[in-house]
Amino acid sequence: MSGHDSKYFSTTKKGEIPELKEELNSQYKDKKKDAVKKVIAAMTVGKDVSSLFTDVVNCMQTENLELKKLVYLYLINYAKSNPDLAILAVNTFVKDSQDPNPLIRALAVRTMGCIRVDKITEYLCDPLQRCLKDDDPYVRKTAAICVAKLYDINAELVEDRGFLDTLKDLISDNNPMVVANAVAALAEIQETSARPIFEITSQTLSKLLTALNECTEWGQVFILDALSTYKAADALEAENIVERVTPRLQHANCAVVLSAVKMILQQMELITSTDVVRNLCKKMAPPLVTLLSAEPELQYVALRNISLIVQKRPTILAHEIKVFFCKYNDPIYVKMEKLEIMIKLASDRNIDQVLLEFKEYATEVDVDFVRKAVRAIGRCAIKLERAAERCISVLLELIKVKVNYVVQEAIIVIKDIFRRYPNTYESIIATLCESLDTLDEPEAKASMIWIIGEYAERIDNADELLESFLESFPEEQAMVQLQLLTATVKLFLKKPTEGPQQMIQVVLNNATMETDNPDLRDRAYIYWRLLSTDPEAAKDVVLAEKPVISDDSNSLEPSLLDELLGNIATLSSVYHKLPEAFVSRAKLTFARPDDEEYPAAVETGNSESPSYEVDGAAATSSQSFTSHETARQPVPVAAAPTPSSAPASPPAPVPDLLGDLLGLDNALVPVDQPIAPSGPPLPVLLPSTTGQGLQISAQLVRRDGQVFYNLLLENNSQVVLDGFMIQFNKNTFGLAAAGPLQIPPLLPQDSARTLLPMVMFQNLSTGPPNTLLQVAVKNNQQPVWYFNDKISLHVFFSEDGRMERANFLETWKSLPDSNEVAKDLSSAIIHSIDSTVENFAATNVFFVAKRRNANKDILYMSAKGPRGIPFLIELTASVGAPGVKCAVKTPSLEMAPLLFDAMEALLK
Amino acid sequence: MAGAVSALFLLDIKGRVLVWRDYRGDVSAVQAERFFTKLIEKEVTSLGVGEEIFVEMQNLTLNWWQVDPDSHDPVVYDNGVTYMFIQHNNVFLMTAARQNCNAASILLFLHRVIDVFKHYFEELEEESLRDNFVVVYELLDEMMDFGYPQYTEAKILSEFIKTDAYRMEVTQRPPMAVTNAVSWRSEGIKYKKNEVFLDVVESVNILVNSNGQIIRSDVVGALKMRTYLSGMPECKLGLNDRVLLEAQGRSAKGKAIDLDDIKFHQYVILAGIKFYLCPLFVYLSLCVRLARFENDRTISFIPPDGSFDLMTYRLSTQVKPLIWVEAQVERHSRSRIELMVKARSQFKERSTATNVEIEIPVPSDATNPNVRTSMGSAAYAPEKDALVWKIKSFPGGKEYMVRAEFSLPSITAEESTPEKKAPIRVKFEIPYFTVSGIQVRYLKIIEKSGYQALPWVRYITMAGEYELRLM
């Protein structure tokens, strides 16, 4: 079926473009088609044929599918450079999308989605809408992917036209291929959107698991990958999921197997029964081993993944180490990975066989591989104490072969072995010294020098050996110079004889005068100073015992490892890096907290709860009544003029021009906007550098018995920001917004303040009480911003927290002593009793009594926290001196740390 | 989690772009080409190992392998883009991606692209790509959409992407198979004579270390089928696998065998689940859930038309090496080397290995071969640095010998680089024989028209990666 298309690549001598133009406009179909082929050929070899745009597009209206495809291909390539002309093609596209032939309908939609020109995109919507509901599954599956294309170009359009819902409906399509593509599209859209769009519920899960059975192999991968983020509710559900996924392990497609392994490992986290887990491990081993019979590139991916899997669950492949032995013809990248896994699986049981293998590899020809094999022996020595001696004897055998790079590599690892097992294997030093002259690599030299310095007292001719290195001191690499310096100092401290003394002079001179390397110079000066002032101290420093090193073969952080395991089969698991490190497409560059933490959160912007209107006229409900009250008498502690007063009566002339300007700015705020109080500067929680110009400052405050979130939003970006919404993550006190966030559209350089009323006990988090409040703010222009705030307990102290002295004493006595805790607030200070009492009263911490004892004042106070929890507080301090001892007695002791935090804040 | 590739490139042996298809418009062909040509010229410096690493040895930590070795990992990152590539003949197939795509899926996809191209152009090479660039574009458009793999079944694709110009005039529709549940077989296939060929092919992989110990041995088997059947036939296959037999409630006495891992092709998984009960469940949840599967438990499937692999399996029980080779190498003085090689067949006498080829490595500077064999022919193959010994027919229980002498140059380099230590490699085929003992018990073909189809079953065992390291 071989073609002869290569003839189209041949060029005519002169005027190619005009000639093509003529042919494209030919009335003969064949000539036309040939001409289009020539154009595509020219495009393929990188010639610019964009000038033929109109002529090619004119060929688009044809019955010939092959020709049509070629014209479409041309359009994909050149529409961007001719956006105005591209419009010419729209009619044909729209017509084709209604063609009786499903191939053409699909082709039209598929191609339109690839043309990233705004004008075309507008016309894509209607055809796409139709094709998503087409009778032919081939068209539907193409349309499903097209939604993702459109989302990539214009997300808003997709949301406005309701494509997301249609796409979600396709999950229930009766054709598995359509389902798979819909899942791929939704998963991609979810990735770029911060809003939960594609949430996998247990219903979708079960639907998709059913579709899984009938999908093409690639579709199975889409579905398994999308499902791998699903968190099962409990062990039982996890077991059920695993049971339905395990048959995938028998699939011939490696990607399906790996994705299934990923899903099983994820669910295994939840499974509590050790029997089930053991059983699953047993089931996963053979498929993992079989992956090593795949094409070498896939073996490489599999090995990188297995390397992660064995770190998490070493038992799975504990008995399979032999399958990782290298074959003679394995590509080098496969051999390297196998070696890495062999080290991870090496144990006292199999070490003899493994060492034999390493020894074999160390005599191969690929230098990198040989080096890695030698290092592997060293790593096994460090990892397996009982095998260390055998490892060392293999290394010594290798050194005797006298192959230059083997010797150097061996010396580097032996240095590590010395560090791991100090004072154990020094007997081999003599053998090492024999190879001294062959060393020419800096790392090997440095290692050898370190060994000589460290064991100078046991090497008779240590000074001679070092001296031989010293001759070339100025030419050596920095790492060698540093080692020489240190080793010479060690030698001198251990054998303070004449020879070393001269050497040290030479080295110090060289290292201070003759070098531009600041590290070297500084270290030399330090040694010099040490040696000249206090040689004994120098001994303590230089000859100090070094911490013992350990093996790093299981070096990934557990949390990182878990995340990587969630990414099995993907690039992330190949690189052993999180996607953020290399994905350059992501529109969300910030770390998003786990989606699960925002599950029940209500979109406050759309919520039906009574809205909060500060504007008096709208205040009807009792809730807004309180807020209304608040707005009327803003900020008892106000320091700055309130913005509302600014337009009404311009303040008396202020010398500060800036202040005046600010006043003017505020005056521009339309009167009908919610008037928010100002106050002392709020803590900045989202700096504008992080928020792409949006700066958010906020603090929880209490006004008239209610908690508010005092917010200041400043727009330092270049665009108008509008459509602000806020939501709060689950927190200890269940704080949530009582109404939507009322923020007018913010012009550039504009700012707005608001008091958002809060309700408690709405979305309670579990676990020990903490002060963390996670907030998400979104607007129409930017991604969702997440930031953390700290809840200060005192905002919950209620106005009725006052206790009479008798009542206080009674309560104090009624609580067991175990309910009393105390803490020294070292940074707190009481300047005067009266002002402190007054300040406390303002935050609903009420004075009960005071007494004096040994120069200290002791204050007793009471407060009533959330859910009416009483706090009995005793403060002990000397007035004016920093340091306050705070003791508290309360029935809910777990709140005490929060109380201490609050007291410390109040006493600052 | 989602991820798609941005573009697919077909490059020549020097890394220049032959054809590429841009799926997402976010990578540059020029940049990709520049990167890749550099990579294959090995000019790409490894990640950040400057000479100026100051290693503080006093507080030394084990910082091994911060540097990736300068090898061609098939997954490479450069400037925000991940390139994944494979090679076939003088063509590289490469994807560029900016997302965290499924690496296993994409690399496998590239291999499938090779299969599809081979189906279309017989061979995939630079020339055939140039000769068929129009179809290449069409195929790339159909096999992948927006960077997501779609269809890679050559047989199905060729039903709606034709190469013959005049056949294009007929209006094409997506074949039923593209979106059907039975996506691997079209309706209306007709043959005069209905036949099925089933080959059971086992490859023996073995690795023997220099002490003569077998350190790895496994058997990878495949059930390869060629079907020439009309209509929509259902096939039922019975094997003597122990698990299957036990699952079927039969006793596994006698000749039952244990297989370690079984892979089924897409067709079987689909058909098995759809129409019967998938045998996989039996394998996987045998101990717990047998009672649930009361129906037919045979391997049932609707075969695709033509040839395909029905099933592969692996078994890692140690088997006695079928052909054992021992080589004694003696270096007489500095100028002469003598080899004595013995090969012994360790299978039953009634079987015979054919096309046996034993490759014994010799030093690369050897000359003047002098070879004597007791059977077959042996010759020095300088291009392989090996003595190649061929025996057409090698019955079981026999031992043959070859002796060879070579001259070595008397002058050697002072600092000798280590000799390439290639292992002895053996190739052979043993017909009518399987190592695993797997047997096809029956192969039934049922089609609604009720025709009689003839099943043909063959067995063959071959050497896979069969390596014995020199002592």
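A residue is called buried here if 20 or more other C-beta atoms lie within 10 Å of its own, with C-beta atoms placed from the backbone. Keep that in mind for the first stop. One caution before you start clicking: this is a predicted model.

**Stop 1: a buried helix in chain A**

Select residues 217-227 of chain A, which form helix H13. Eleven of its eleven residues are buried, so H13(A) is largely enclosed by the rest of the structure. Turn on side chains and walk along the helix: you'll pass Glu217(A), Trp218(A), Gly219(A), Gln220(A), Val221(A) and Phe222(A), among the buried residues. Keep going and you reach Ile223(A), Leu224(A), Asp225(A), Ala226(A) and Leu227(A), which are buried too.

**Stop 2: helices H6 and H7 of chain A**

Now pick residues 102-114 of chain A for helix H6, and residues 118-132 of chain A for helix H7. The two pack at an angle of about 145°, with their axes 10 Å apart. Rotate until one lies over the other, and you're looking at a left-handed crossing of H6(A) and H7(A).

Which residues of H6(A) and H7(A) meet? From H6(A), highlight Arg105(A), Ala108(A), Val109(A), Met112(A) and Gly113(A). Their counterparts in H7(A) are Ile120(A), Leu124(A), Pro127(A), Leu128(A) and Cys131(A). Color this contact by residue type and you'll get eight nonpolar residues, one polar and one charged.

**Stop 3: helices H25 and H26 of chain A**

Stay in chain A and jump to H25, residues 462-470, plus H26, residues 478-494. Here the packing angle is about 155°, and the axes are 11 Å apart. Angles over 145 degrees count as roughly antiparallel, and H25(A) and H26(A) are therefore roughly antiparallel to each other. H25(A) passes H26(A) in a left-handed crossing.

To see the contact, show Ala462(A), Asp463(A), Leu466(A), Phe469(A) and Leu470(A) on the H25(A) side. On the H26(A) side, show Leu484(A), Ala487(A), Thr488(A) and Leu491(A). This contact of H25(A) with H26(A) has seven nonpolar residues, one polar and one charged.

**Stop 4: a three-stranded sheet in chain A**

Next, switch to cartoon view and find the open sheet of chain A with strand order E4-E7-E8 and antiparallel pairing. Which strands stand at the edges? They are E4 and E8 of chain A, each with a single partner strand, so one side of each is left without a neighbour in the sheet. On average, neighbouring strands in this sheet are turned by 25° against each other, direction ignored.

Zoom in on E4 (residues 725-728) and E7 (residues 772-778) of chain A, which are joined by four bridges. Label Met725(A) and look across to Lys778(A) in E7(A). Then label Ile726(A), which stands opposite Val777(A) in E7(A).

Val777(A) is also a good place to step over to the other edge, since its bridge partner in E8(A) is Trp785(A). E8 covers residues 785-790 of chain A, and E7(A) and E8(A) pair in the antiparallel sense over six bridges. Follow the backbone from E7(A) to E8(A) and you'll trace a hairpin through six residues.

**Stop 5: over to chain B**

Select chain B as a whole. How many helices and strands does chain B have? There are ten helices and 23 strands. Of its 471 residues, 41% are buried. Among chain B contacts with a separation of 6 or more, 69% involve residues 24 or more positions apart.

**Stop 6: a three-stranded sheet in chain B**

Look for the open sheet in the order E12-E10-E22 of chain B, where the pairing is antiparallel. Strands E12 (299-301) and E22 (440-446) of chain B stand at the edges, each with a single partner strand, so one side of each is left without a neighbour in the sheet. Neighbouring strands of this sheet are turned by 15° against each other on average, direction ignored.

Strand E10 covers residues 234-239 of chain B, and six bridges join E10(B) to E22(B). Find Leu237(B), and you'll see Leu443(B) of E22(B) opposite.

**Last stop: a hairpin in chain B**

Finish with strands E3 (residues 75-78) and E4 (residues 81-88) of chain B, an antiparallel pair joined by four bridges. Asp78(B) has Val81(B) in E4(B) as its bridge partner. Two residues lie between the strands of this hairpin, and Asn79(B) takes a positive phi near 50°.

Conventions: Residues numbered from 1 in each chain as written. Chains lettered and ligands numbered in written order. Predicted model: local features only at pLDDT ≥ 70, side-chain atom pairs only at ≥ 80, totals over all residues. Pairing = 2+ DSSP bridges. Axes fitted to C-alpha atoms, helices over the stretch in contact; angles between N-to-C directions. Parallel < 35°, antiparallel > 145°, perpendicular 65-115°, else oblique. Left-handed = near helix turned anticlockwise from the far one by under 90°. Contact = placed C-beta atoms within 7 Å. Nonpolar A, V, L, I, M, F, W, Y, C, P; charged D, E, K, R; others polar. Buried ≥ 20, exposed ≤ 12 C-beta atoms within 10 Å, placed from the backbone.
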